[in-house]
Amino acid sequence: MSVGAVAANEQVEGLPFHLFLWVTAPATSIGPRDIQVFLRMLDNGSWCQSRWARENLHRTHERYSSVWTVQALSRSKRDLEQLHAGLRSLRELLPNDEVVATRTDLQRLAEATARASGGLLGPGSLRRERREALLVFSALVNAVLATPEESPRTVAASTGSLGPTGAPVASGARPPASAARTRRRVRCVQVTDETADVRTFRFAPLAPGPFEYLPGQFMTVEVEASGEVLKRSYTIASSPTRPGLLEITVKRVPGGRVSNWLHDNLRVGDEVTMGPPAGKFSCEIGPKAEKLLFISGGSGITPVMSMSRFMHDNADPRDVVFLYSARNESDLIFKDELAFIAARSSHFRTVFTLTNAPADWRGFRGRISTALIEDAVPDFRQRSVYLCGPTPFMETVRQALAATDFSMANFHAESFGGPRAPAAGTKAVSAEAAVPSAVERSTPGASVEALPPGLAAASPSLTERPRRSSQLLGILPRPRLTLISDPSGALPMPSPANTPGMPAPGAGSGAATAVVFNTSGREARACAGETILETAESLGLALPSACRSGVCGTCKTRKISGSVKMSCEDGLDPGDRSAGYILACTAEPVDRVVLEA
């Protein structure tokens, strides 16, 4: 089908006009700048990815030349049916290889139009009607402009009915009570290869309601693979200033069940479930420093990339240096976008260092050290540092900073790759254990799902605590458990004198404790060093969980009696603590513990 034939279709030529009315409505809110920005986009095709958009958008300007005034447009009305008809006609006429690029261009046109009247200053400056209009249009354009390779089941569900705001919704879908606090179904609308083993997955919500989170936070993805529901937590790579879409950037990890499933199976049109946002690693939490230093290693870039996008969209005046370490130049994720942000902002600077740099590399070389930080960011002592990356990398950077007179009170970190104790005098790091089970917490951002060989030896801090039993499933047998037939009775503890080889209670790591699950009527004895969540799973009890590191709060359970020790309790707020809640994923029983579970 020729481009001219596409352009000759009247419904297609009217599509951008109806897009404008849909996004800027109610018509009384249309201002001169809305029109100016929209017409500029139509006439300048340099931003377009698709051939159709480059060669045909200007026709809308010409066709509707008499209506491009505030007065004339204020008399026009939004027409969802015309918008829908235009998209359907365009899909029928477009060649398949143009579909993905064209819908991306239409989404960019809609977003630019919505933000024309001051919308560049974040979601709060966008009128509620425009935020909702963007969400509806995004769902509609992704549902109608689908390629043959995309899931027909999902697309059919999307185009079959329109929700109360005009958005396509799956059968039975309802808007959540609070999009920020509940699990929700989302649809993959775009997949982008960032590097050879890193992909970005973009999602739109099925039910109306924007994504609400802080830059740097993470959320849990639930997928079904081989009959199992697997959960992993990933840092949100996108910015909350763009609330209609959410992105995660995932590195394929050898042996990683979810990262490999996402890379191999998730396609545009497929649906997954997402949990609510969580985490406290954000430049928007706590006092705001005037100067920031973002440091990331490899695919640990995602939380600080979210912060960078957020600050750029908000025209944030704070001074930022982004120090990024990778192995090769081809491993620098978001390199072009970082260069774009730096070119557009006088107070945002990027510094790249490669550990395996080629001879013609002009940037820094080698691992991040005190000397490199001194050379690259001479004023680093005046900045608040936000660090994310693999645990050995983070430990190296922390030690490099601590070796100077840098104030570690200004040090913030998001850890992944394995549990470690927080260093004395520093902010507690939210360590995310990588555990090979059906509900493991993989690394936020980088999604490291298994500890690389030799990792414990590489960082002494990793050996400060014994590895949890769930990290060794498939290698070692499950911990010894004794089921108690009468949960109401006292736990019979064998006497050391009568039981050969049985140590006295509290005498070393073999000491036994008890956990009573009051609602389930189950009780178990387990070896010390085992968490309550692991004990529950050994009994076949499915307690809610996600991160398995004490950060997200999904597993919080009320303790009726007994004592526990928790390696991390970031997922509890003061109200939870006063009400007696604990985190089952990090809580280890000290004595006989009774839970409301």
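**Charges, rings and unusual angles: a conversation**

Biologist: Where does Phe334 lie?
Modeller: Keep in mind that this model is predicted. Find strand 8 and helix 12 (335–344) in the structure. Phe334 lies in the loop between strand 8 and helix 12.

Biologist: Does Phe334 count as buried or exposed?
Modeller: Its relative accessibility is 7%. Buried means under 20%, so Phe334 counts as buried.

Biologist: What value is the phi of Phe334 near?
Modeller: Most residues other than glycine have a negative phi. Phe334 is a residue other than glycine, yet its phi is positive. The value is near 60°.

Biologist: Which residue lies over the face of Phe334?
Modeller: Look for a charged end placed over the ring: the cut-off is within 6 Å of the ring centre. At 4.7 Å from the centre of the Phe334 ring, there is such a residue. That residue is Arg309.

Biologist: Which residues are linked with Arg309 in a network of salt bridges?
Modeller: Nice follow-up! Arg309 belongs to a network of salt bridges that also takes in another arginine and two glutamates. Those partners are Arg202, Glu247 and Glu337.

Biologist: How many residues apart are Asp313 and Arg242?
Modeller: Asp313 and Arg242 form a salt bridge, with their closest N and O atoms 2.7 Å apart. Asp313 is in helix 11 (residues 302–313), while Arg242 is in the loop between strand 4 (228–235) and strand 5 (246–251). The pair links distant parts of the chain, and the separation is 71 residues.

Biologist: Does Asp313 count as buried or exposed?
Modeller: Its partner Arg242 is partly exposed, at 28% relative accessibility. For Asp313 the value is 15%. Since the limit for a buried residue is under 20%, Asp313 counts as buried.

Biologist: What is the relative accessibility of Glu523?
Modeller: Glu523 forms a salt bridge with Arg592, the closest N and O atoms being 3.2 Å apart. The two residues are in strand 15 (residues 522–527) and strand 20 (residues 592–595), respectively. Arg592 is partly exposed at 31%. Glu523, in contrast, counts as buried, and its relative accessibility is 1%.

Biologist: Over the ring of which residue does the charged end of Lys556 sit?
Modeller: Lys556 meets Asp576 in a salt bridge (3.2 Å, N to O). Because Lys556 lies in strand 16 (residues 556–561) and Asp576 in helix 17 (residues 574–578), this pair ties together parts 20 residues apart in sequence. The charged end of Lys556 also sits over a ring, 5.9 Å from its centre. The ring belongs to Tyr581.

Biologist: At what angle are the ring planes of Phe20 and Phe38?
Modeller: The model has eight aromatic pairs. In one of them, the ring centres of Phe20 and Phe38 lie 4.8 Å apart. Phe20 is in helix 2 (residues 10–24) and Phe38 in helix 3 (residues 32–43), so the pair ties together parts 18 residues apart in sequence. The pair is tilted because the planes are at 50°.

Biologist: Is Ala315 buried or exposed?
Modeller: Ala315 lies in the loop between helix 11 and strand 8 (319–326). This residue has a positive phi of about 50° although it is not a glycine. Its relative accessible area is 54%, and the cut-off here is over 50%, so Ala315 is exposed.

Terms used
Residues numbered from 1 in each chain as written. Predicted model: local features only at pLDDT ≥ 70, side-chain atom pairs only at ≥ 80, totals over all residues. Heavy atoms only, no water. Salt bridge = Lys/Arg side-chain N within 4 Å of Asp/Glu carboxyl O. Helix = DSSP H or I, 4+ residues; strand = E, 2+ residues; numbered from the N terminus. Buried < 20%, exposed > 50% of the residue type's maximum accessible area, 1.4 Å probe, protein only. Phe/Tyr/Trp six-rings, centres within 6.5 Å; stacked < 30°, edge-to-face > 60°. Lys NZ or Arg CZ within 6 Å of the ring centre and 35° of its normal.
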